Amino acid sequence: MTTTPQADLKRALAAAGYVADDTLVMALHLALTLGRPLLLEGPAGVGKTEIAKALSEVRQARLIRLQCYEGLDAAHAIYEWNYQRQLLAIRADGAGEDSLFSDRFLLRRPLLEAICQAEPPVLLIDEIDRADEEFEAYLLEILSDFQITIPEIGTITATSRPLVILTANGTRDLSDALRRRCLYAYIDYPDRDTELAILARRGPRIEARLARQIVGVVQALRREELEKKPGIAEMLDWAAALAGLGINDLTEDRAALRATLVCLLKTAADRDAAPPELLDRIIGKVA
Amino acid sequence: MQATRFPTRAEGLADRMTGFVAHLRLNGMHLGPQETADALAVLAEIDATDADQARRALKVLLVPGAEGWRSFDALFDAYWFNAGRIRQRAANAHVRTQSARPMLWQAHLCPEAGAPEGAGETTPGGGEGEAEGIDGRLIATRTRNLRKRDLRELMDEDSRRAAERAARDLARAIRDRRSRRRHQAHRGADLDLRRVLRASLARGGEPLDLPRKTRPDRPMRLVALCDVSGSMTVYARVFLAFVKGLVAADTRADAYLFHTRLMRITPALRDHDTLRAAGRLSLMAEGFGGGTDIGGALTRFAEGQGAQALNRRSVVIILSDGYCTGTPERLATALARIRRRAGRIIWLNPLLGWQGYAPVAAAMTAALPYLDAHLPANTIAALAALEPHFAKL
């Protein structure tokens, strides 16, 4: 009965190891069919970056990643001339201007790289909210026209339109202009069943009972007032740690359990916020 | 939630979709006609008869951010399934009732001209002790501090210059030192290779000129929000002079007054004719009531165009004593919103200069976590003395 393209995409993503909910699948489906960028927001560690990886696997497309940071500029995001080689070329064989500003000396940074591919790649612009506003404005131009102007060469138009995925953590608000150009999906922590499915797919081989306990504890911890709530990556790390220690039941070995909590609680304040009594209570509930 | 009845006589999908987008707009999402067209195009891509699919597709397309993400499902049901609730149309348009206290601020701004008109709108003789947590201590100091000064003195050359100087020094002290972009410069740590190469072409490829580049310190943009409520009357003069200085020193600075309402005063402060500026300010001050709704004023600021222009290189300066009739939660929410856009939030508090003052007022306690600095300020001299603090930010 499920023969819609969304259902196909969902199955393909699951095969690539990504468990996506229906809304996210719809977002990806529309991004693919409409050719619009997709903006993903949500807390850290819910798998925003993983989506791009899974999608590139599904589409068998190249994944080009641009990690944003404060002060990211055109030379690092779009293109740069290889000046050292240019200088060498002038000295060694007296290269003229035409040959100096040719493809040979052009360093393609992720954005230029992404529009020069023969096959449409997946372009992941990670943590866009870390870059400053100027870069956001620059990005708008590229995302709407998919062309880049290099003064020495001219305008380079996209040979293929990349599928653009932007992620943001909410460290600052993004401009309305950028939001309006993008489709949007907010990814929250997964519910119990989804998280169990993720653990089964991505985690170590463990018993179903331990998996239920792990997911139960992590979900309970997320409801506490923590500075940094444990994400999916933390949950998987913890599962791997427990499996590595050969623990089969959380209720058995409390000391080892507390020792492995470093995988989940990553600030001193959070460790204080989750005292042994709280953990005992949580484990009592999930066991 | 604002409810929109499903239009029974709507003709066709386009009409209904227009209604839906209007319904979302009514509920706080900024959507234009382009979005309506996109929404119709999206429905063609999916199985539009499946309500769940349509809901997900429209959600992905139309919701602009995390806030709308949570409320969309309810809004969708309300419109397409007529599940909305019509809000009681009461106590909405005119919630702000005139306070019973005399308009101290207005009387202060223009004692000769302002008082007669002002007296008509207020009920004189109201108790001094009510509203915004004015305690005995504050009133005592007010009588002590209250000197015979009016708005003309605000525009007096000397104090204006002193305020401007203080403001300019402060604006200069706050520099953005985090810039990682490099700019061309005479001296700098790095060679600007792009320019080196360009310059060398004229000399047959010999890099003789070596232009350099460096990381520039960039000025921060200042946005001042000045509280002019009753409890701030004593300081309003100083603060307004300071704000005028800020606005005069930097063409990109922005300034607002707030009381129970929020008002942009940048154009008035930029007026070169000082007398006319005084007149315009007095006009704006008219209609100000008694209580201070800091949370409400900041919320309006955060929702308005002013906050749209904020970026990481902006510093929001709030000049207020933190006595507030609104709820502390509202203030905290508003500050959190501003926080996400602005680089820094600085609260200049005249009461902080007092011995033994502790920010125990509920509003202040709620605000503290969102502030980068909470600094004392009650005179121009005190403001000027803040420079080292600002430089550290």
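A residue is taken as buried if 20 or more other C-beta atoms lie within 10 Å of its own, the C-beta atoms being placed from the backbone. By this criterion, in the predicted model described here, the residues R56(B), A57(B), L58(B), K59(B), V60(B), L61(B) and L62(B) of helix α3(B) are buried. The helix has twelve residues, and the distance from its first C-alpha to its last is 16 Å, close to the 16 Å expected at 1.5 Å a residue. Within chain B, the buried residues of α3(B) pack against α1 (12-26), α2 and α4, while in chain A they pack against α2 (22-34) and β9 (183-186).

The contact between the two chains takes 30 residues from chain A and 28 residues from chain B. On the side of chain B that touches chain A, two or more residues are given by each of α2 (33-45), α3 (51-62), α4 (66-80), α10 (193-201) and α16 (328-341) of chain B. The largest share of this side, five residues, comes from α3(B). By character, the residues on the side of chain B that touches chain A comprise twelve nonpolar, eleven charged and five polar.

The largest nonpolar core has 88 residues, and those with the most contacts inside it are A27(A), L38(A), I165(A) and L183(A). Helix α2(A) gives the most to this core, with seven residues. When residues up to four places away in sequence are not counted, L183(A) touches V60(B) and L61(B) as well as A27(A), L30(A), A31(A), R36(A), L38(A) and L39(A); V60(B) and L61(B) are among the buried residues of α3(B). A second, separate core of 67 residues includes M232(B), L310(B), V315(B) and A363(B).

Chain B also contains an open sheet of six strands, arranged in the order β8-β7-β6-β9-β10-β11 with mixed pairing. The strands β8 (262-264) and β11 (373-376) of chain B stand at the edges, and each has a single partner strand, so one side of each is left without a neighbour in the sheet. From one strand to the next, the twist averages 20°. Strands β9 (residues 314-319) and β10 (residues 344-349) of chain B pair in the parallel sense over five bridges, and L319(B) stands opposite L348(B) in β10(B). Helix α14 (residues 294-303) of chain B packs on the sheet, where it touches β6 (221-227), β7 (254-258) and β8 of chain B, and the direction of this helix makes about 45° with that of β8(B).

Key. Residues numbered from 1 in each chain as written. Chains lettered and ligands numbered in written order. Predicted model: local features only at pLDDT ≥ 70, side-chain atom pairs only at ≥ 80, totals over all residues. Contact = placed C-beta atoms within 7 Å. Helix = DSSP H or I, 4+ residues; strand = E, 2+ residues; numbered from the N terminus. Nonpolar A, V, L, I, M, F, W, Y, C, P; charged D, E, K, R; others polar. Expected span 1.5 Å × (residues − 1). Buried ≥ 20, exposed ≤ 12 C-beta atoms within 10 Å, placed from the backbone. Pairing = 2+ DSSP bridges. Axes fitted to C-alpha atoms, helices over the stretch in contact; angles between N-to-C directions. Core = buried A, V, L, I, M, F, W, Y, C linked by C-beta atoms within 7 Å.
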